[in-house]
Amino acid sequence: MLNPTSSPLAACLALLAAWGVVGLAGLLRPRSVEFAGRTLFPLGALCGLALAVVAVRSIALPPEQVQLLIGLPDLPFHMRLDPLAAVFLALLGAASAGISVFSAGYFRRGEGALPGLLCLEYHLFLASMGLVVLADDAYAFMVAWETMALSSYFLVTTQHRIPDIRRAGFLYLLIAHLGAIGILLSFGVMQGGSWLFTFDAMRAAQLDPQWASAAFLLAFFGFGAKAGLVPLHVWLPDAHPAAPSPVSALMSGVMLKTAVYGVLRVTFDLLGDPQWWWGLVALGFGLFSAFYGVVFAAVQTDMKRLLAWSSIENIGIIFAAIGITIVFHALGMSALAALSLIAALYHCVNHAFMKSLLFLGTGAVLHATGERNLGRLGGLIHRMPWVAWLTLVGALAIAGLPPLNGFVSEWLLLQAFLFADTVPRPFINMLLPIGAALVALCAALAGYVMVKFFGVIFLGQPREPTLAQAQDAGLLERIGLAWLALACVVLGIFPVQVIGALDAVSRDLLGTQLGQGAAQWWLLAPIPARGASYGPLALLLAGAILTGLTVLAVRAFYHQRVRRGPAWDCGFVRIDARMQDTAEGFGQPIRHIFQPFLRMSRELPTPFDAVPRYRVTVTDWVWHAGYERIGRSVRGVADLVARLQQGRISTYLMYSFVTLIVLLWIVL
Amino acid sequence: MNGLAALTQLLEIIFAIVAAPAFVGWVNKCRAWLQNRSAPSLLQPYRGIHKLFHKEAVIADGASGLFRAAPYVVFATMVAAAAIIPSMGTRLPLTTAADSIALVGLLATARVFLALAAMDVGTAFGTLGARREMMLGFLAEPALLMIIFVAAMISQSTSLPIIAERLTGETMALYPSLAFTAVAFTLVLLAENARIPIDNPATHLELTMIHEAMLLEYSARHLALMEWGAALKLFNYACIGITLFVPFGVATEAQGPLGLVLAVPVLGAKLLVAGAALAVLETVSAKLRVFRAPEFLATAFLFAVLGLLVHLLLGA
């Protein structure tokens with residue numbers, strides 16, 4: 001057996017096992033919030049931190065394999081730690097460390113499932129995500145994948161007494177399993193007739209181009225369902241808000257990334273030789289999801305639903321980056337392939353921290369106010385300064401503003417798109433700049449969404465009198481938020497170091513690396529010949545110095561007199577909280593501009609109403625035109641079948657008789 | 001040479017800070033002339049800023065720290081943006097830290113802070129202005145990026161000094177793609193700087209304003225910084241346009257100190273022309289309804305994309 005002190009893979013497995021043990025320990029005292037919260041969740045966070053450290057240190061090491069003694073009869077589990085797995089493990093460990101610390105202070109008595117049970121599900125969820133990333137054969141992968149789906153299903157339905165939440169959980173489980181079928185079939189194709197289901201066998205298998213394409217498309221369908229690509233996204237805006245906030249954070253921040261991991265693993269490692277048109281498939285679905293997601297995010301009125309739609313956008317951007325990676329790689333443009341792969345990975349890591357931070361922020365708000373509806377929040381920056389300022393970091397990061405982390409991945413992706421004019425195929429050449437335009441549009445819309453999100457929740461006047469009693473988050477919750485916010489800042493300011501680590505993945509998967517050439521440690525210059533560079537630390541310092549100088553100059557030359565007074569608002573005397581923009585109001589330009597994409601029903605007041613009511617509901621076209629139609633046709637078929645089933649024994653005897661006659665006729 | 005680079009950098013920052021209000025004053029003067037009014041002095045914006053700095057700041061009761069920090073952040077961001085646009089010389093130390101994409105990012109940062117500050121007090125007009133500003137922003141930002149992409153594809157780099165040098169070196173070469181993007185850029189400039197036909201910088205009529213609505217709660221030194229920041233923004237946009245479309249006369253690496261000495265009057269002359277042209281554009285057009293603004297900016301976006309396609313098709 002391997003020794004955990006010398007082998008990073010063994011250390012990772014030991015830590016995943018430790019998560020399992022921590023989870024099981026929750027069953028010792030299932031009703032005690034204190035035991036789960038004060039002891040077990042912090043322990044889980046420590047495991048996560050250790051996992052992140054081990055994984056980061058092993059990114060640049062050569063791959064390591066082990067065959068476990070456990071598993072199905074005659075089918076031992078294979079595990080493998082390579083740079084790709086290490087990056088996703090590091091992401092899982094580091095993000096979950098923050099989320100677990102937050103959870104330690106978050107879960108309260110009387111919120112659905114028992115705390116001990118919750119602790120078990122939560123840690124099983126974490127461990128299964130780790131196993132998905134480490135699995136090196138199809139069986140181990142599917143077992144881990146299903147454990148992940150089931151444990152997260154139970155976490156989503158924590159408050160199972162609410163019918164909507166049960167429905168959201170069911171939809172999630174349904175689509176997760178549709179996806180799992182796709183993945184399973186894809187593995188079936190990839191074994192290539194050898195009937196060996198280890199990943200090594202799949203790497204060695206020589207597939208026909210058609211079969212390879214079939215395997216890719218099946219895997220893309222399967223992982224796309226988990227990632228929430230449009231049109232398989234319908235579960236996501238329901239399931240993420242239904243779960244408790246730390247679970248939403250894990251699902252959005254980490255679980256969606258396992259699907260990204262799966263696509264990368266299948267495309268670049270198991271199939272190994274992607275065809276260029278696969279890239280266009282990924283790019284098309286990715287860009288459409290990004291755009292669709294961000295438009296819907298902008299019109300949401302529920303804060304967690306808004307974030308869920310924003311996750312669809314970010315996943316879309318990641319898939320677009322993967323798409324151009326495939327195109328570049330298949331056409332032999334190695335430097336650009338490495339650049340776009342690193343952009344995809346960087347965005348995965350970034351999104352894990354930003355989105356977890358925002359979801360946890362909404363969790364703190366939810367606990368303090370009991371409100372998820374943006375229309376009943378507002379002004380919380382005064383009552384909850386810690387949560388507000390830390391959430392602001394996440395909001396600015398996800399809006400892609402320099403010098404935070406969201407901007408770095410956006411910058412890398414745009415660089416990759418921008419220098420695609422050297423692609424030897426003219427029509428791709430034309431297509432990619434349009435892609436760049438869409439990415440730019442989505443990034444700008446993300447800024448809109450985040451101003452709405454932050455502005456409506458934390459700024460302005462409180463829209464309800466009860467908000468005056470809101471309490472800031474507790475110490476553990478603050479630590480969790482601060483950890484994630486710090487990660488957003490550090491990932492934004494030291495891109496060279498992060499890319500240095502991610503380069504190992506590119507070396508392993510694509511056979512090329514970005515390299516940094518002679519550039520300095522603070523200056524990001526991915527393709528030196530292009531002369532484009534970005535130095536966030538210098539930019540931040542310049543900005544800080546300029547701001548400081550401005551403050552000092554104003555202080556030195558002018559007086560500092562300040563008076564507080566009522567708001568001016570163009571001289572209107574009576575201003576109340578109702579006069580501010582609501583979430584609906586803030587989304588109105590988007591509803592107006594993108595009308596064809598949205599399915600709206602409006603209820604407008606007339607001048608004679610005693611109690612005027614204004615209501616607008618925006619629903620998803622895909623759900624209405626796709627899923628409901630499929631549902632209706634399935635029902636129609638079922639009704640046809642049901643006609644056969646009359647429940648009268650004479651009819652059934654009649655069927656038997658007719659069948660017998662027909663068979664006899666065929667035989668004779 | 002390194003000393004010269006630092007000097008160029010410093011000179012450019014100081015020139016931007018000092019000249020930005022004068023540029024606004026010049027545009028106002030031209031507008032007054034065109035409209036047959038007696039023109040205000042070029043120094044009028046300075047007087048306004050000076051007056052505001054001496055007033056006592058009144059801050060609304062419900063304002064948070066964000067409200068007070070935003071003017072400084074917006075002003076500093078605009079100065080940082082001015083520092084990386086090679087309007088005078090192409091040897092700017094800060095441009096290694098921020099390329100054209102980062103420049104667009106900086107402008108977006110300023111916009112987000114402005115919008116958040118406008119929502120902070122929680123008044124009807126503030127949130128209305130913030131919403132409209134973000135609406136214009138999400139349309140104008142990708143258009144601006146596309147415009148920059150065309151120049152970046154021509155010069156094979158997103159670094160602004162490289163773009164400027166490459167385009168200066170071929171003053172005589174005519175790029176049809178740049179002609180399309182120049183149209184797009186003009187539209188973006190008008191929208192982003194709250195000019196007619198999108199917004200009216202001179203109005204305080206509640207329902208028509210965007211930029212002014214966001215500044216309603218500001219007073220005294222905070223308002224002065226915001227006004228100065230807005231002037232810097234207009235100045236920056238003019239300089240971006242100069243860099244992308246008429247970069248000749250900018251001091252390149254080869255020219256040494258003499259180039260820098262020459263570059264200042266050349267830049268001044270270009271700004272005078274740009275300001276006069278802006279005044280003409282504003283005088284001959286009427287203000288659009290707010291909901292025509294998306295069409296206006298979509299046109300800009302399409303022109304920029306067209307420019308990109310023209311570049312890819314013709315290679316020029």
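Pro403(A) sits in the loop between helix H15 (385-398) and helix H16 (405-418) of chain A, where helices (H or I, at least four residues) and strands (E, at least two) are DSSP runs numbered from the N terminus. The peptide bond leading into it, from Pro402(A), is cis, with omega near 0°. This is a predicted model, in which local features need pLDDT of at least 70 and side-chain atom pairs count only at pLDDT 80 or more, while totals for chains, interfaces and linings use all residues. Residues are numbered from 1 along each chain as its sequence is written, chains are lettered from A and ligands numbered from 1 in the order in which they are written, and side-chain values use heavy atoms, with hydrogens and water left out.

Chain B has a cis bond as well, from Ile196(B) to Pro197(B), this one with omega near 15°. Pro197(B) lies in the loop between helix H7 (176-192) and helix H8 (211-215) of chain B. That loop also holds Ala194(B), which is not a glycine yet has a positive phi of about 55°. As background, most residues other than glycine have a negative phi, and most peptide bonds are trans.

Now for the chains as a whole. Chain A carries 23 helices and five strands, and its C-alpha trace spans about 105 × 75 × 60 Å along the principal axes. Its radius of gyration (taken over C-alpha atoms) is 27 Å, in agreement with the value near 26 Å for a compact globule of 668 residues; the globule rule behind this is 2.2 Å times the number of residues to the power 0.38. Chain B is built from 11 helices and one strand, running α-α-β-α-α-α-α-α-α-α-α-α from the N terminus on. For its 316 residues the globule rule gives 20 Å and the model has 19 Å, so chain B is as compact as a globular protein of that length. The C-alpha trace of chain B spans about 55 × 45 × 40 Å along its principal axes.

Within chain A, strand E1 (residues 64-72) and strand E2 (residues 75-81) run antiparallel and are joined by six bridges; strands count as paired if DSSP finds at least two bridges between them. Gln67(A) faces His78(A) in E2(A). The two strands make a hairpin with two residues between them, and Asp74(A) in the turn has a positive phi of about 65°.

Salt bridges (a side-chain nitrogen of Lys or Arg within 4 Å of a carboxyl oxygen of Asp or Glu) number 20 over all chains. One of them links Asp200(A) and Arg203(A), at 2.8 Å from N to O. These two are three residues apart in helix H7 (residues 199-204) of chain A, which means that about one helical turn separates them.

What does the contact between the two chains look like in residues from each side? With contact meaning heavy atoms within 4.5 Å, chain B puts in 79 residues and chain A 76 residues. The buried area (accessible area, 1.4 Å probe, lost by two parts on being put together and summed over both) is about 6,800 Å², with 71% of it from carbon and sulfur atoms. On the chain B side, Met119(B), Arg131(B) and Phe138(B) lose the most area to chain A, together 10% of what that side buries.

As for polar links, the interface has 23 residue pairs in polar contact, both residues at pLDDT 80 or more. A polar contact here is a pair of N or O atoms within 3.5 Å; within protein, one must be able to donate a hydrogen and the other to accept it, and residues adjacent in sequence count only if both atoms are side-chain atoms. Elements of chain B that each supply at least two residues to the side touching chain A include helix H4 (100-120), helix H5 (124-155) and strand E1 (57-60). The largest share, 17 residues, comes from H5(B). By type, that side divides into 52 nonpolar, 16 polar and 11 charged residues, where Ala, Val, Leu, Ile, Met, Phe, Trp, Tyr, Cys and Pro count as nonpolar, Asp, Glu, Lys and Arg as charged, and the others, Gly among them, as polar.

Two salt bridges are counted between chain B and chain A. In one of them Glu56(B) partners Arg563(A), with the closest N and O atoms 3.1 Å apart. The chains also share strand pairing: strand E3 (residues 562-565) of chain A and E1(B) run parallel over four bridges, and Gly565(A) has Ala60(B) as its bridge partner in E1(B).
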